[in-house]
Amino acid sequence: MFTFESDYVEGCHENILAELSRSNMEQLHGYGNDPYCERAKKKILEACGLTHGSVAFLSGGTQTNQIIIDAFLKSYEGVLSTSSGHINCHEAGAIEFGGHKVLVLPEHNGKMDAGELNAYLENFYGDANHEHMVFPGMVYITYPTEYGTLYSLDELQAIRTVCDKWKLPLFLDGARLGYGLAAQPEVTLHDIARLCDVFYIGGTKCGALIGEAVVFTHDNEPAHFQTIVKQHGAMLAKGRLIGIQFDVLFTDDLYTSICKHAIVLVMKLKQGLVKKGYELFIDSPTNQQFIVLENTRMEALKKQVGFGFWEAVDENHTAVRFAISWATTDKAVDELLALL
């Protein structure tokens with residue numbers, strides 16, 4: 001039995017494990033005030049091409065989304081997201097639990113349309129009763145999206161233009177950012193840093209044991225951000241745990257290379273699926289591939305390989321997801337294709 005259920009079923013890259021072991025008995029200051037965290041932050045800012053940015057480390061994606069949104073928004077503001085956005089669908093109401101409503105826009109293969117975003121804002125402020133409503137205070141997008149799709153550079157720029165027009169910060173959820181950058185080289189980390197007010201570089205799904213690196217791009221880290229983090233119960237006493245990992249990931253371009261490995265293998269899988277005649281539920285260029293299976297075939301396959309349920313297509317067919325990770329091997333892909 002092997003699994004393609006998600007891209008975080010393995011632990012961490014061997015280089016990270018070795019460095020965690022090597023540094024294990026070093027006595028370091030807590031809460032991320034250690035040389036590893038400082039070095040990792042400098043490497044990340046350099047990779048982003050930022051001279052006026054800052055970096056903070058958090059342990060997981062939902063935690064990161066909730067804290068960033070709460071730190072940026074006023075009490076009467078909500079966050080704009082597509083209907084398929086992770087904060088709207090698969091975070092158990094974490095944003096609402098923090099006191100902020102998710103304001104929903106249509107999704108187009110997982111993506112937000114800049115024109116519809118602008119129309120929403122025009123309609124909101126054109127409503128004479130908008131003082132009685134939840135104000136839009138931030139725009140949230142994911143890269144890649146929940147469907148594994150990617151915004152083009154033009155699409156990102158268009159959303160940025162709307163955000164500038166209405167003076168809204170743009171927040172990009174980068175839980176799988178490495179895979180998106182590897183799949184679409186014309187959008188770079190520099191572009192993401194230039195176009196977003198805040199984003200995060202996912203580690204949990206991209207080679208780290210745990211951890212996400214939050215990047216504030218233009219001297220815009222919210223006041224007392226570390227205090228806000230602690231209020232959310234998210235302050236790691238042993239902050240070194242995440243700093244060491246990102247220090248390794250951003251040494252010798254490791255983050256980029258392991259994510260490229262995943263994209264090479266996922267294209268092998270995708271081409272194999274198409275060759276065998278499987279229907280793609282959505283045409284994803286990234287490490288998540290979605291196909292349509294007849295339900296009895298799906299149940300039989302469950303006994304041989306792990307994969308993710310996505311959604312029912314009709315009463316006889318289901319869309320399922322196969323996720324390739326930085327650690328997936330050629331052998332695993334070959335075995336999956338043989339089973340299919």
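A charge is said to sit over a ring if NZ of Lys or CZ of Arg is within 6 Å of the ring centre and within 35 degrees of the ring normal. In the structure before us, the charged end of Lys111 sits in this way over the ring of Tyr151, 6.0 Å from the ring centre.

Before I continue, two remarks on the basis of this talk. The model is predicted, and local features therefore need pLDDT of at least 70, side-chain atom pairs count only at pLDDT 80 or more, while totals for chains, interfaces and linings use all residues. Residues are numbered from 1 along each chain as its sequence is written, and side-chain values use heavy atoms, with hydrogens and water left out.

Let me turn to the sheets. Helices (H or I, at least four residues) and strands (E, at least two) are DSSP runs, numbered from the N terminus. Two strands pair if DSSP finds at least two bridges between them.

One open sheet has seven strands, in the order S2-S8-S7-S6-S5-S3-S4, with mixed pairing. Which strands stand at the edges? They are strand S2 (54-58) and strand S4 (102-105); each has a single partner strand, so one side of each is left without a neighbour in the sheet. On average, neighbouring strands of this sheet are turned by 25° against each other, direction ignored. For such angles, axes are lines fitted to C-alpha atoms, for helices over the stretch in contact, and the angles run from 0 to 180 degrees between N-to-C directions.

Within this sheet, strand S3 (residues 77-82) pairs with S4 in the parallel sense over four bridges, and Ser81 has Val104 in S4 as its bridge partner. Strand S5 (residues 135-142) and S6 also run parallel, joined by four bridges; here Thr142 is partnered by Asp173 in S6.

Strand S6 (residues 170-173) deserves a closer look. In a regular strand the side chains alternate between the two faces of the sheet. In S6, Leu170 and Leu172 point one way, Phe171 and Asp173 point the other way, and all are buried. Buried means under 20% relative accessible area, exposed over 50%, and partly exposed in between (1.4 Å probe, protein chains only).

Two helices may be mentioned with this sheet. Helix H6 (residues 114-126) lies across S3, S4 and S5, and runs at about 170° to S5. Helix H11 (residues 240-249) lies across S2, strand S7 (198-202) and strand S8 (212-216), at about 120° to S2. Contact here means heavy atoms within 4.5 Å.

The next sheet is also open, with four strands in the order S9-S10-S13-S12 and antiparallel pairing. Its edge strands, S9 (279-282) and S12 (308-314), each pair on one side only. Neighbouring strands are turned by 35° against each other on average, direction ignored. Strand S10 (residues 288-294) and strand S13 (residues 317-323) are joined by seven bridges, and Glu294 stands opposite His317 in S13. Helix H12 (residues 254-275) packs on this sheet, touching S9, S10 and S13, and its direction makes about 25° with that of S10.

Now to helix H14 (residues 330-339), whose buried residues are Ala332, Val333, Leu336 and Leu337. Why do they lie on the same side of H14? They cover an arc of only 135° around the axis, where the arc is that of the directions from the helix axis to the C-beta atoms. In general, an α-helix has 3.6 residues a turn, so residues three or four places apart point the same way. The buried residues of H14 pack against strand S1 (2-3), H12, strand S11 (305-306) and S13. The face turned away from the buried side carries the exposed residues Lys331 and Ala338.

Finally, the aromatic rings. Rings of Phe, Tyr and Trp (its six-membered ring) pair if their centres lie within 6.5 Å; planes under 30 degrees apart count as stacked, over 60 as edge-to-face and the rest as tilted. How many aromatic pairs does a search of the whole structure find? The search finds 18. Among them is the edge-to-face pair of Phe2 and Phe4, at 5.7 Å centre to centre with 75° between the planes. Phe2 is partly exposed at 21% relative accessible area, whereas Phe4 is buried at 2%. Phe124 and Tyr125 are also edge-to-face, because their ring centres are 4.9 Å apart and their planes stand at 85°. Phe124 is buried at 3% relative accessibility, and Tyr125 is partly exposed at 35%. Both belong to one aromatic cluster with Tyr76, Phe135 and Trp166.
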